[in-house]
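Subject: Structure handover

Hi,

Here is the structure I promised to pass on to you. Have a look at it first, and then read on for my notes.

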Amino acid sequence: MAEVIENQNTVKEEERGNSMLNVALFCLTVLRKNWRWFLLSIVICLGLAYLYAKRQPRIYAQSATILIGGTDQKTQKNRQFNQLQELSGISTNDNLKDQIFVLTSRRLVGQVVDKLKLDVFYGVTQRFTPVALFKETPVEANFLEPFKRPVTFDAEIEGNKLSVKNLRYDGNKTGFEKTVSFGEPFKTPGGIVVLNKTKYTRGYDNKTIHITRISREDAITYYRNSLGAEENNKEANLITLTYLDGNFGRANNFLNTLLEVYKADIVDAKNTEARTAAKFIDERIALIGSQLGDVEKELVNFKQESNLLDFDLNVTNYLQESTTSHQTLLELETRLAVVSSLRDFIVNSANQEKLIPVLGALGNASMESQINEYNARMIERNNLLQNSSPTSNAIVQRDLTLAEMRHTICSALDSYVNSIRIQLAKARSSDDRLRSQMSATPQSEIKTLDITRQQKVKEALYTYLLNKREENALQLAINDANVRIVEYPYGRKVPVSPHTGRILAVAFLLGLAIPACVFWFLITMDKTVRGRKDIEDVLTAPILGDIPRWNDDQNDKKFLTKSENGKTISEAFRVLRYNLNMTMQEGVICVTSSTPSQGKSFISRNVAAIIGIGNAKTILIDADIRKNSVSEILGMKRTTYGLTSYLARQCEIDDIIVKGIGENLDMIPAGVRPPNPAELLMSSRLDQLIDKLRNEYGYKFIVVDCTPTINVADAGIVNRVGDVTLYVIRVGVEDRRFLSDLEKLYQEGKFNKMNIVVNDSNVKSESTYGYGYGYGYGYGYGYGYGYGYGYGYGYGYGNEHKHRTKIGKKIEKFLSIRK
């Protein structure tokens, strides 16, 4: 069983291989037969592709690589913090992706457009190729009015004059034309324009400059679409910028300006934190300064009122003993004041989107680190907000993260405040103990001591704030963007587009595909028999012969003679005669077909002729009494007597036999067209005629040319006297869909010993495209008795076909296909 399955698989593989080979051979045949069409299509497609490539603007590429500050300590801490958040299940956005978004944002591109004035385009046409101009433009257009609608016009330089024409406003022609001088304002539908000279003007005499102005937003969109940014090395925080432009210099300037704008944007974002801290410090300095002035005034007034001008001498011993206690108390109260102020700032809802001031007096490195991390997150969030909406996923996610961090910082500050208060309570307890030891000290001195202590606290806090303000000012003075340019904008002065080689390659393939598709369409639309294989796939009836096309128009009688010996057509009929002899030694041969134009009359008369050449006495009977086709071809259409005369009992057999039309070949013409052809053929005189021809006149073979089988019953009626039926199927004419019906007729035995003759067997291989539609001949006729059809027998045209042109034949082929 396994061997059988294996053999079946092997057979299927061989059939598949043979099928692919047949397809390949078929394609090669079509190409070989129609190489001129393919060559013409390829030449046309290549020519059009070359013109298309020439008319496309040349595009140049520039690229630059930058390093996003990945070496400083702060960035390393941010990266570690992101990793910890990811391990905890909190999603964090990659910093490189954020920076790529910022680099390609409309905000930054808009700043570049404004700096380089990229909302105005200049260009010329050189040898069909549009060329973009930038700094080398010979004319600089200044639009003195705000943008309203897009405007495009041509400016032709004519010495010191300019001819402005072809102006389009909002895409519509205006018919505006004017000659102006350089520097002369002139009013257009798009506003007032001034055209100024540049140092490149001299080289563009009598040339036309194309000038276009678009809106700022459209310019941003245009240049942003030409800009690309991607991660070069994520571990090293490298970003590669790529920009495509029709002008090499403009591409370089665009990237350089973009990098400058980006660095300035980063510096501005960093200084936002310092500016927030500076504002907070200035407010606190003003408040503490006012409080310190009040305390100092209170101390002076109290000393004057209490006459304690020598108070320092009286309390020297006390101060020495309580120095340590006072110092500790002073530090704690200062720290408590700073922490409390910072907590109030954070808790205030108005400051939720502001940076938290970083004050070094906290005395807690962990808390300062949390504040720094919060400020970094807030800066990133504010930068993204400039290019996004507050409801976007990225902003909402960052707001949630910042809220959690604020809550964490507030909780930490609360714990720290409680810790400071505990320490402060202990310090105050120690101070109270010292005070109790000096119970004898006058109350005025104790009050003076309290005022002095408040003064020192205020002074210390005031001095600290002054120091922080200087530190913050120093930070504002440092414009380090923490971005390093690894590769400055660079690129080759070789256009990256259009890809002429690719365009020509596609055009070449298209040149092959177009005629291939046309021929494939024609083949697909062809429902006719394409060759012997189509017949063998459907019919089980034996095929006796394959008759090729015969184009010999010099033989007026359309008979094969001995002069055709050695020709393909002659040998084909000899093979058919041999196969007939294998089927029958003598008898009646009925020749018919399904429809007209199959060539049955050609087959019948030449079968009779080739049998006669073989020394067998033969007679040809034209039983197609409706058309008289054989009689007409042989010039016997107007004979007095014929088959119809005999069947109508108007004459005898001797009166209708035409002797010697060929070697050992006689003929009975059809005669006059009768009004009742079917009834005549049903007459017993037809049977008597066949018997007498065989027995009395000694004809070994009787060839009967019958009518087509469809629409009329004559062929079926005549077939009763036949021993063998030759059913003619013409390649390129017979509909393949009829073959299944013909197989049914064969299985039912409607025709005596039906055999198939393939006519025009080589017509497909000799056709225009190597596979068919090489026929286009015939003539029509009509019967006046209930049915009519037109057909022809294409081996040698009549005079009306001899001078038909090839174009006329192709048109006729197409019409026949459509029909």
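Below is what I found, going from the whole chain down to single residues.

**Overall picture**

Please keep in mind that this is a predicted model. The mean pLDDT of the chain is 80, and 80% of the residues reach at least 70. Confidence drops below 50 over residues 553-557, a stretch that still has 8 contacts in the model beyond its near neighbours in sequence. Residues 768-819 also stay under 50 in pLDDT, and there the model shows 123 contacts beyond four places in sequence. I would ask you to read both stretches with those scores in mind.

The chain has 819 residues, of which 45% count as buried. Its secondary structure comes to 26 helices and 22 strands. If you take the contacts between residues at least 6 apart in sequence, 77% of them join residues at least 24 apart. As for disulfides, the structure holds 0. Two cysteines are worth a look all the same: C45 is buried, at 11% relative accessible area, and C651 is buried too, at 5%. Both values fall under the 20% cut-off, and that is why these two cysteines count as buried.

**Helix 2 against helix 14**

Which helix does helix 2 pass in a right-handed crossing? The partner is helix 14. Helix 2 covers residues 35-55 and helix 14 covers residues 500-525; their axes come within 8 Å and cross at roughly 145 degrees. On the helix 2 side, the residues that meet helix 14 include W37, F38, I42, L46 and Y50, and the C45 mentioned above is also one of them. From helix 14, the contact includes I503, L504, F508, L512, P515 and F519. Sorted by class, this contact has 19 nonpolar residues, 3 polar ones and no charged ones.

Just along the chain, in the loop between strand 14 (483-490) and helix 14, you will find P498. The peptide bond that joins S497 and P498 is cis, with omega at about 0 degrees.

**Helix 5 and helix 13**

Helix 5 runs over residues 106-116, and its buried residues are L108, V109, G110, V112, V113 and L116. After helix 5 comes K117, with a positive phi near 55 degrees.

In helix 13 (residues 443-477), I picked out V457. Its relative accessibility is 14%, so V457 counts as buried. What does V457 touch, leaving aside its neighbours within four places in sequence? The contacts are L330, E333 and T334. The C-alpha atoms of V457 and Q327 are separated by 9.7 Å, although these residues are 130 apart along the chain.

**Two loop residues with positive phi**

F128 sits in the loop between strand 2 (120-126) and strand 3 (129-133). Its phi is near 75 degrees, a positive value in a residue other than glycine. Is F128 buried or exposed? At 60% relative accessibility, F128 counts as exposed.

R649 belongs to the loop between helix 19 (643-647) and helix 20 (653-656). Here phi is near 65 degrees, again positive in a residue other than glycine. R649 is exposed, with a relative accessible area of 59%.

Happy to talk it over whenever you like.

Best wishes

Definitions and conventions:
Residues numbered from 1 in each chain as written. Predicted model: local features only at pLDDT ≥ 70, side-chain atom pairs only at ≥ 80, totals over all residues. Heavy atoms only, no water. Axes fitted to C-alpha atoms, helices over the stretch in contact; angles between N-to-C directions. Helix = DSSP H or I, 4+ residues; strand = E, 2+ residues; numbered from the N terminus. Left-handed = near helix turned anticlockwise from the far one by under 90°. Contact = heavy atoms within 4.5 Å. Nonpolar A, V, L, I, M, F, W, Y, C, P; charged D, E, K, R; others polar. pLDDT = per-residue confidence, 0-100. Disulfide = S-S within 2.5 Å. Buried < 20%, exposed > 50% of the residue type's maximum accessible area, 1.4 Å probe, protein only.
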